[in-house]
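Let's take a walk through this model, from its overall layout down to a few individual residues. Have a look at the sequence and structure first.

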Amino acid sequence: MHVVVTRACGVAPDISAMRGVFLCEPTPASLAEAMAESASTWAGPIEAPEILAHTPEAFAQTFLRSLRTTVSG
């Protein structure tokens with residue numbers, strides 16, 4: 001699995017080192033270039049890609065931990 005993400009996305013720093021992630025600038029030309037790079041380097045599915053751990057549920061847990069720390073601290 002590959003994913004193309006612009007650097008304007010808040011998640012970009014967290015996923016930049018993951019396999020199959022292609023970062024680009026938030027412009028049509030840069031996005032097209034990153035998509036072409038992704039396509040040209042495709043060698044089949046990545047086994048257990050790290051990005052799949054970033055589910056909506058996992059993201060929500062981050063906010064819950066922060067809220068609990070704020071309320072109890």
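What follows goes from the whole chain to single positions.

## Fold and overall shape

Keep in mind that this is a predicted model. The secondary structure is made up of three helices and two strands, and their order along the sequence is β-α-β-α-α. With a radius of gyration of 15 Å, well over the 11 Å that the globule rule gives for 73 residues, the protein is more spread out than a compact globule.

You can get a feel for that from the box the C-alpha atoms fill, roughly 50 × 30 × 15 Å along the principal axes. As for how the chain folds back on itself, take the contacts between residues at least 6 apart in sequence: 43% of these join residues at least 24 apart.

## Surface and charge

How much of the protein is buried? Of the 73 residues, 22% are buried. The exposed area comes to about 5,300 Å², and carbon and sulfur atoms supply 64% of it.

On the charge side, there are 4 positive and 7 negative charges. Their mean positions sit 11 Å apart.

## The nonpolar core

In soluble globular proteins, nonpolar side chains tend to be buried together. Here the largest nonpolar core has six residues: Val-5, Ala-12, Ile-15, Met-18, Val-21 and Ile-51.

Ala-12 is a handy one to zoom in on. Leaving aside residues up to four places away in sequence, Ala-12 touches Val-5, Thr-6, Arg-7 and Leu-23. Val-5 is thus a contact of Ala-12 as well as a fellow member of that core.

## Ser-38 in helix 2

Now move along to helix 2, which covers residues 28-41 and holds Ser-38. Is Ser-38 buried or exposed? Its relative accessible area is 9%, under the 20% cut-off, so Ser-38 counts as buried.

Which residues does Ser-38 touch, if you skip those up to four places away in sequence? The contacts are His-2, Val-4 and Phe-22.

## Gly-44 and the way to helix 3

Past helix 2 comes a loop that leads to helix 3 (56-72), and Gly-44 is found in that loop. Despite the loop setting, Gly-44 is buried, because its relative accessibility of 17% falls under 20%.

Finally, try tracing the chain from Gly-44 to Ser-66. The two are 22 residues apart along the chain, and their C-alpha atoms are separated by 37 Å. When you view this stretch, keep the overall picture in mind too: the protein as a whole is more spread out than a compact globule.

Terms used
Residues are numbered from 1 along each chain as its sequence is written. This is a predicted model: local features need pLDDT of at least 70, side-chain atom pairs count only at pLDDT 80 or more; totals for chains, interfaces and linings use all residues. Side-chain values use heavy atoms; hydrogens and water are left out. Helices (H or I, at least four residues) and strands (E, at least two) are DSSP runs, numbered from the N terminus. The radius of gyration is taken over C-alpha atoms; the globule rule is 2.2 Å times the number of residues to the power 0.38. Buried means under 20% relative accessible area, exposed over 50%, partly exposed in between (1.4 Å probe, protein chains only). Contact means heavy atoms within 4.5 Å. Accessible areas come from the Shrake-Rupley method with a 1.4 Å probe; for residues, only the protein chains shown count as cover. Lys and Arg count as positive and Asp and Glu as negative; His and the chain ends are not counted. The place of a charge is taken as NZ of Lys, CZ of Arg, CG of Asp or CD of Glu. A nonpolar core is a set of buried Ala, Val, Leu, Ile, Met, Phe, Trp, Tyr and Cys residues joined through side-chain atoms within 4.5 Å.
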